[in-house]
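Reader: I should be grateful for a close look at a single part of this model, namely its strand pairing. Please set out the partners one by one, together with what surrounds them.

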Amino acid sequence: MTAGRGDGAGARRPGGSEGPGRNSALIGVRAVLLDVDGTLIRGDAPAEGGHPLPGAAALLRWLRRRDLPYLCFTNGSTRPPEVYARGLRELGLEVEDDRVMTPPVVAASLIRRRWPGAAVLALGGEGVTEPLRRRGIAVTTDPQRWEEAGVVLVGWDREIDYRRLEAACRAVWAGAAFLVTSAAPEFYLRGGRGIGLSAAIAAAVARVTGRRARLVGKPSPLALREACRVLGVAPERLAVVGDDADMEVRMGRRGAGLSVLVRTGISADRDLERGPAHLRPDLDLPDLTHLLALLEASWALPGDGVPGESPSRARDRGPRGRLGHNE
Ligand SMILES: [Mg+2]
């Protein structure tokens with residue numbers, strides 16, 4: 001099979017292939033982070049229709065069968081994670097509620113760690129507020145209560161207006177921590193571009209206050225850390241899979257794990273060979289079917305079907321049954 005565009009699989013890792021369709025870069029992978037829009041599905045958002053992209057359903061089935069931990073990480077903050085999960089299931093992708101992570105989930109973890117007891121002024125709907133509330137964080141969206149806020153979290157706020165913008169600025173001026181869910185100026189939308197509303201609002205607040213927002217979404221170190229914590233893996237054991245070189249490739253390279261670009265979304269026609277090294281993926285593939293084929297070939301366990309061997313045992317043992325070969 002072809003590994004992808006350009007040099008394809010293992011291009012940055014000489015000797016990346018060992019045998020037909022096999023890729024050594026995938027052997028050390030112990031968990032997978034999957035982007036949603038442009039990677040698993042194409043559409044506005046999971047809960048607003050769209051359709052699964054090639055290989056998405058089969059890859060998720062394979063990951064579950066192999067007991068390989070995975071998370072679907074969207075930078076969207078319009079809905080709580082379980083609503084995204086439900087939307088994915090409605091499109092035929094079997095994703096459990098706790099397999100979806102969004103930036104407000106990362107923010108909740110950070111707030112509890114860094115500013116315990118702080119109240120949060122949230123710019124956004126329930127996708128921003130619910131993950132915080134669920135973790136016992138006091139949240140308000142009421143602009144009149146900005147003085148209580150120890151943290152301002154900017155997300156996808158369709159109701160943004162003068163009062164909300166002013167409240168966020170006043171809280172930041174008064175010393176509140178300033179967080180944003182996404183720094184992306186645009187995102188993939190039905191083959192075109194959608195505007196990155198969270199980034200736009202945060203840029204307005206930053207312009208007024210002179211303070212830069214701290215990013216909690218992809219590709220930030222905070223997002224990487226939280227995903228690895230939930231998945232129970234070190235960053236170098238994580239494969240980050242997505243359609244956006246600026247997001248998933250950057251994040252995968254940041255963690256020194258494996259970065260996998262699929263050409264089904266925003267970076268479909270982007271020439272990365274001439275770009276900076278940190279945006280060049282380890283694997284550059286047309287779509288998820290190619291990733292699944294590589295995983296199947298790389299993870300061809302001699303122990304497959306051995307009576308009594310649990311999938312988690314197979315996972316601990318690693319691909320090809322070489323016990324601890326890469327520890
Ligand atoms: Mg994407």
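Author: In this predicted model, Val-32 has Tyr-70 of S4 as its bridge partner. The pair belongs to a parallel arrangement in which S1 and S4 are joined over four bridges. S1 has another parallel partner, strand S13 (residues 238–242), and four bridges link these two strands as well. Within that pairing, Ala-31 stands opposite Leu-238 of S13.

The surroundings of S1 may be described face by face. Strand S1 comprises residues 31–35, and five of its five residues are buried. One side carries Ala-31, Leu-33 and Asp-35, the other Val-32 and Leu-34, and with every one of these residues buried, both faces of the strand are covered.

The approach to S4 deserves a remark. Strand S4 covers residues 70–73, and Asp-67 sits in the loop between helix H1 (56–65) and this strand. The backbone of Asp-67 has a phi near 60 degrees, a positive value in a residue that is not glycine. Most residues other than glycine have a negative phi. Asp-67 has 13 C-beta neighbours inside 10 Å, so this residue counts as partly exposed; the buried class begins at 20 such neighbours. A positive phi near 60 degrees recurs at Ala-256, in the loop between helix H8 (245–254) and strand S14 (258–262). Ala-256 is exposed because it has 12 other C-beta atoms within 10 Å.

The account of pairing continues with an open sheet of five strands, ordered S7-S6-S8-S9-S12 and paired in parallel. Its edges are strand S7 (139–140) and strand S12 (214–215); each has a single partner strand, so one side of each is left without a neighbour in the sheet. From the S7 edge inwards, two bridges connect S7 in parallel with strand S6 (residues 119–123), and Val-120 is matched with Val-139 of S7. Helix H4 (residues 126–133) packs on the sheet here, where it touches S6, S7 and strand S8 (149–154), and its direction makes about 160 degrees with that of S6.

S6 is also joined to S8, in parallel and through five bridges, with Leu-121 bridged to Val-152 of S8. On its other flank, S8 runs parallel to strand S9 (residues 177–180), to which four bridges join it; here Val-151 has Ala-177 of S9 as its bridge partner. Together with helix H5 (residues 162–173), S8 and S9 make a right-handed β-α-β unit. Because five of the six residues of S8 are buried, this strand is largely enclosed by the rest of the structure.

Several residues of these strands recur in the largest nonpolar core. This core has 96 residues, and those touching the most other members are Val-120, Val-152, Val-154, Ala-168, Leu-179, Val-260 and Leu-291. The greatest contribution to the core comes from helix H3 (residues 103–114), which supplies six residues. Domain 1 (24–101 + 234–321) and domain 2 (103–215) each provide at least three residues to the core. In soluble globular proteins, nonpolar side chains tend to be buried together. Leu-291 illustrates the reach of such contacts: beyond its neighbours within four places in sequence, its contacts are Gly-55, Leu-59, Val-241, Val-260, Val-262 and Leu-285.

Ser-198 lies beside the ends of S8 and S9 in terms of its contacts. Leaving out residues up to four places away in sequence, Ser-198 touches Ser-77, Val-154, Gly-155, Trp-156, Val-180, Thr-181 and Ser-182. Although 43 residues separate Ser-198 from Gly-155 in sequence, their C-alpha atoms are 4.7 Å apart. Ser-198 belongs to helix H6 (residues 197–209), and this serine is buried, since 30 other C-beta atoms lie within 10 Å.

At the S12 edge, attention turns to the segment that follows. Pro-219 occupies the loop between S12 and helix H7 (221–231), and the peptide bond leading into this proline from Lys-218 is cis, with omega near 0 degrees. Most peptide bonds are trans.

These pairings may finally be placed within the whole chain, which has ten helices and 15 strands. Of its 327 residues, 50% count as buried. Among contacts with a separation of 6 or more, 65% are between residues 24 or more positions apart.

Definitions and conventions. Residues numbered from 1 in each chain as written. Predicted model: local features only at pLDDT ≥ 70, side-chain atom pairs only at ≥ 80, totals over all residues. Pairing = 2+ DSSP bridges. Contact = placed C-beta atoms within 7 Å. Axes fitted to C-alpha atoms, helices over the stretch in contact; angles between N-to-C directions. Core = buried A, V, L, I, M, F, W, Y, C linked by C-beta atoms within 7 Å. Domains from an automatic or database assignment. Right-handed = clockwise from strand over helix to strand, strands pointing away.
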